[in-house]
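Morning, everyone. I have one structure to walk through today. Please look at it on the screen while I talk.

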Amino acid sequence: MNRPIEIVPSVLPADFSRLGEECVALEAAGVDRIQWDVMDGNFVPNLTFGPDVIASCREHVDVMFEAHLMVANPDELLHTYIDAGCEMVIVHVETTPHLHRTLGRIRDLGCSPAAALNPSTHLDSVAHVLDMLDMVLVMTVNPGFGGQAYIQSMEPKVSALQGLISEGGYDVDIEVDGGISSSTISGAATAGANVLVSGSALYKYSEGLEHGVRDLRRIATEAQSG
Ligand code: DX5
């Protein structure tokens, strides 16, 4: 049984001077959730959104917010991003030595736990906590910036993860993030990803966001059903 395709924009390419309006436009365009790429200039060489920025946008839309914590110290920041209105928190397995405890804390705070893996990180790092996760994010770029090239060699990793999830009967989504466009989304969906993050490619649609969301969803759905 295929898991529903979800199209998730990264707001990295959005107009930061109008983020509230940009969230309204994304919700109107039919996105399934909004991803906030939180970067601390330490784990990744870029600096982006604090919790207050996200909180200021929260009241403008109802769509789910997920915080992609590309930060060196996620355990100290969990509650601030949850309090800001994020319903899901994605922590990088490379940033916490006690992942089992971190995921339990996210759940205890009433939030949905997810884990992200950098391209070189093995699936073994989440194999023993799949029962604690609602989603695993397989990065298809090295984190830090939008507009990078899709790393196609991550597709076998996505398929292997799908195998682990189905063998164990876990209820876990697979997300991919980085370089997802009309030409790469089919490979990712065919490999097993059902939650697809797009930033620059989505914003590049000359016909607008709604057309872009529809187009990406159509391609991914067709690929998923083979
Ligand atoms: C990487 C970021 C990007 C962003 C999407 O640190 O997480 O992957 O979300 O970027 P695009 O879709 O422009 O590659």
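Start just after helix α4: G110 takes a positive phi there, about 80°. Keep in mind that this is a predicted model.

Now step back into α4 itself. The helix covers residues 99–108. Which of its residues are buried? They are L99, T102, L103, G104 and I106. Recall the helix rule: with 3.6 residues a turn, residues three or four places apart point the same way. What do the buried residues of α4 pack against? Two helices and two strands, by label: α3 (74–83) and α5 (124–127), then β4 (88–92) and β5 (112–117).

Next, the ligand. The shell around it holds 18 residues. D37, G144, D177, G199 and S200 are the closest.

Three side chains give us distances to ligand oxygen. For S200, a side-chain N or O atom sits 2.4 Å from an oxygen atom of the ligand. For D177, the corresponding distance is 2.6 Å. For D37, it is 2.8 Å. And how much of the ligand does the protein bury? Taken alone, the ligand exposes 370 Å², and 99% of that is buried by the protein.

Where does the shell come from? Two elements give two or more residues each: β2 (33–39) and β3 (64–70). The largest share is from β2, with three residues. By class, we have eleven polar residues, five nonpolar and two charged.

On to strand β1, residues 6–9. Are its faces covered or open? Both are covered. E6 and V8 are buried on one side. I7 and P9 are buried on the other. That fits the general pattern: in a regular strand, side chains alternate between the two faces of the sheet.

The partner to look at is strand β8, residues 195–198. β1 and β8 pair in the parallel sense, over four bridges. Within that pairing, V8 stands opposite V197 of β8.

Last stop: Q224. This residue belongs to helix α9, which runs over 209–224. What does the side chain of Q224 reach? The backbone oxygen of R3, at 2.8 Å. Leaving out residues up to four places away in sequence, Q224 touches N2, R3, I5, A189 and N194.

To recap two points. The protein buries 99% of the ligand's exposed area. And β1 has buried residues on both sides, with β8 as a parallel partner. That's my tour. Questions, please.

Definitions and conventions: Residues numbered from 1 in each chain as written. Predicted model: local features only at pLDDT ≥ 70, side-chain atom pairs only at ≥ 80, totals over all residues. Heavy atoms only, no water. Near = heavy atom within 4 Å. Polar contact = N/O pair within 3.5 Å; in protein donor to acceptor, adjacent residues only side chain to side chain. Areas by Shrake-Rupley, 256 points an atom, 1.4 Å probe, with all protein chains shown as cover. Nonpolar A, V, L, I, M, F, W, Y, C, P; charged D, E, K, R; others polar. Buried < 20%, exposed > 50% of the residue type's maximum accessible area, 1.4 Å probe, protein only. Pairing = 2+ DSSP bridges. Contact = heavy atoms within 4.5 Å.
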